[in-house]
Structures are given as C-alpha cells and as structure tokens.
Amino acid sequence: YTESMVEGDFGHAPPFNNGLDEGRATIVEESGNRFLRVTYPANEFGPNNGGVQFKVPFGQTYDELYLSYRVRFADGFQFVKGGKIPGLVGGTAPTGCVNDTTGFSARMMWRTGGAAVQYMYFPEKLNACGDDYDYDTGNGPITFSTGTWHTVEHRIVMNTPGDHDGILEAWLDGLPALSQKAFLYRLAGATYGIDTLYFSTFFGGSDSTWAPSSAQIVDFDDFIVSTGPITH
C-alpha cells in the first residue's frame, strides 16, 4: 500500500506517512472483499517503527461530521496495554502528550483486554496524554472481540466557541456506546472545526511495555465520512 494508493482511495496524497513506505500496510482480498491490512511488528511501539499513520484533509471545515469504518483484530490478537485506531481531528490536531488548546483529536483506542474507548485531546483534557471515554452499551464497558469485524461510528458536533455545547457520540455495531453532549472542542475565539481524517494506528504508549511479543494484524475497511448518520 503506497502513497499513490492512499490518494486513489481517500482522494488526497497524504502530507506525511508512517509505515506505508516500510510495507506495514497491504491490500488483502478475502471472499471477494478487498480491505486494508496493517501489520504491527513484534517488540515495536509507537508510529515510527510499529504503526501506520497518514492524514486525509477534507479541504474544508465542518461543524458536524460522522465517521464510520469496519475494524477486525486478528484471532489471538495481543491487546497488551493498548493502541490507537483512526478518528476525526481538527485545528492543530494535538496528539503525543502535548498541551495544545488550538485543536482537537478524536481517535479511538483499544485498551487492555480490548476495551474500546474514544481517546480525546481537547482544551479541557485532564490527562497530559489524552482522556479516555469508555464505550458502554448499557451493560458495562465493551471490548473488541478478535477474529470478527466490528463497525464503529463517531459523531462530532463542534461547540459554540467557549461554550460547553459540543457533542461526542459513538456507536459500536449499530448500538449507542457513548454520548457526551456538553463537550468543549474549542475555546472562545477559536475558528477551527473538523477538517481531517487521521488514519492512525499503532501500539502505545511510549515505551516497550506497550509492545506485542509477536507480529500482530488489524484489518480496516469501508471508511465513510458523512454529514448525516451512517450505520444507525
């Protein structure tokens, strides 16, 4: 999977990438269906040596968007302590434990045991390295299964700058899993909105305790970005 293929599939050549040139992303066909397979090398963590990352700018800014995609963790997947999977971002799109109040990022993570969370950087985050919002369909926190396709959907509605009226919602396999309706994505005076899909996936975390002991595989398919609901 190459930069030119990203341009063909997503409409833009990525401004940068981790992992494409190194061969960690491939197109796989299975039962007539083609999808993107990411391989995470053994004993590696972080995006430079162990993941795939690229950004897909939308070319304009939105105040509300939905993102859905399908994801499958391979049979026997080692969740270890956690890792990133894609989401919507805007402004400076802060990640990497920075303190930056001029943007937001709304990727997902898998955590220990496959627990699903929305992993948020925003002006009021409490933790230096981002805040978790657990997925819960009403019977406690939910986890990704291995060997089966899951469909995730995110909804972001930007807040009135300075007001706590933004929305963060999510669905897993069509079921409501997260609803925050007083979210602050931007401070007073900010003008940024949702402007990019961040394909971001890697183990970590920032040290070797996050790394898998053997090579791991996650499959991705059917990325859809829409101004209206997609799967529910």
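Strands here are DSSP runs of at least two E residues, numbered from the N terminus. With that in hand, welcome to a predicted model, shown in a series of close-up views.

**View 1. D165 sits in the loop between strand 10 (149-157) and strand 11.**
This aspartate is partly exposed, because its relative accessible area of 34% falls between the 20% and 50% limits. Which residues does D165 touch, once those up to four places away in sequence are set aside? They are N159, T160, K181, A182 and F183. With T160 there is a polar approach as well: a polar atom of the D165 side chain lies 2.7 Å from the backbone nitrogen of T160. For a sense of scale, I85 is 80 residues from D165 in sequence, and the two C-alpha atoms are 26 Å apart in space.

**View 2. Strand 11 and strand 12 make a hairpin with two residues between them.**
Look in the turn for D173, which has a positive phi of about 55°. Strand 11 (residues 166-172) and strand 12 run antiparallel and are joined by six bridges. Two pairs help you find your way along the hairpin: L172 has L175 of strand 12 as its bridge partner, and L168 stands opposite Q180 in strand 12.

**View 3. The hairpin strands belong to an open sheet of seven strands, in the order 2-3-14-5-10-11-12.**
A word of background may help: strands of a sheet pair through backbone hydrogen bonds, either parallel or antiparallel. In this sheet the pairing is antiparallel. Which strands lie at the edges? They are strand 2 (25-30) and strand 12 (175-183), each of which pairs on one side only. As you step from one strand to the next, the twist averages 25°.

**View 4. Another open sheet of seven strands has the order 1-4-13-6-7-8-9.**
The pairing is antiparallel here too. Strand 1 (17-18) and strand 9 stand at the edges; each has a single partner strand, so one side of each is left without a neighbour in the sheet. For strand 1, the pairing with strand 4 is antiparallel and covers two bridges. In one place to look, N18 stands opposite Q53 of strand 4.

**View 5. Q53 is a residue of strand 4 (residues 52-62).**
Is Q53 buried or exposed? It counts as buried, because its relative accessibility of 5% is under the 20% limit. Its side chain and that of Y198 are joined by a polar contact of 3.1 Å. Beyond the neighbours within four places in sequence, the contacts of Q53 include F16, N17 and N18, then P47 and R107, and also the run Y198, F199, S200, T201 and F202.

**View 6. A disulfide joins C97 to C129, with 1.9 Å from S to S.**
How many disulfides does the model hold? The count comes to one. Distant parts of the chain are linked by this pair, 32 residues apart: C97 is in the loop between strand 6 (82-91) and strand 7 (103-111), while C129 is in the loop between strand 8 (116-121) and strand 9 (131-134). A disulfide is a covalent bond between the sulfur atoms of two cysteines. Here the torsion about the S-S bond is about 110°, so the disulfide is right-handed. C97 is partly exposed at 40% relative accessible area, and C129 is partly exposed at 34%.

**View 7. The largest nonpolar core has 49 residues.**
In soluble globular proteins, nonpolar side chains tend to be buried together. Y135, F144, I156 and F220 have the most contacts inside this core. Strand 5 (residues 64-73) gives the most to the core, with five residues. A second, separate core of five residues includes M109, Y119, Y121 and W210.

**View 8. F144 is in contact with many residues from elsewhere in the sequence.**
Neighbours within four places are left aside here. Among the contacts of F144 are V71, F73, F79 and I85, as well as M108, M109 and W110. Further along the chain come G114, A116, H150, V152 and L172.

**View 9. S208 lies in the loop between strand 13 (194-203) and strand 14 (216-226).**
This serine counts as exposed, because its relative accessibility of 53% is over the 50% limit. How far apart are S208 and D163? From C-alpha to C-alpha they are 40 Å apart in space, and 45 residues separate them in sequence.

Definitions and conventions: Residues are numbered from 1 along each chain as its sequence is written. This is a predicted model: local features need pLDDT of at least 70, side-chain atom pairs count only at pLDDT 80 or more; totals for chains, interfaces and linings use all residues. Side-chain values use heavy atoms; hydrogens and water are left out. Helices (H or I, at least four residues) and strands (E, at least two) are DSSP runs, numbered from the N terminus. Buried means under 20% relative accessible area, exposed over 50%, partly exposed in between (1.4 Å probe, protein chains only). A polar contact is a pair of N or O atoms within 3.5 Å; within protein, one must be able to donate a hydrogen and the other to accept it, and residues adjacent in sequence count only if both atoms are side-chain atoms. Contact means heavy atoms within 4.5 Å. A disulfide is a pair of cysteine sulfur atoms within 2.5 Å. A nonpolar core is a set of buried Ala, Val, Leu, Ile, Met, Phe, Trp, Tyr and Cys residues joined through side-chain atoms within 4.5 Å. Two strands pair if DSSP finds at least two bridges between them. Axes are lines fitted to C-alpha atoms, for helices over the stretch in contact, and angles run from 0 to 180 degrees between N-to-C directions.
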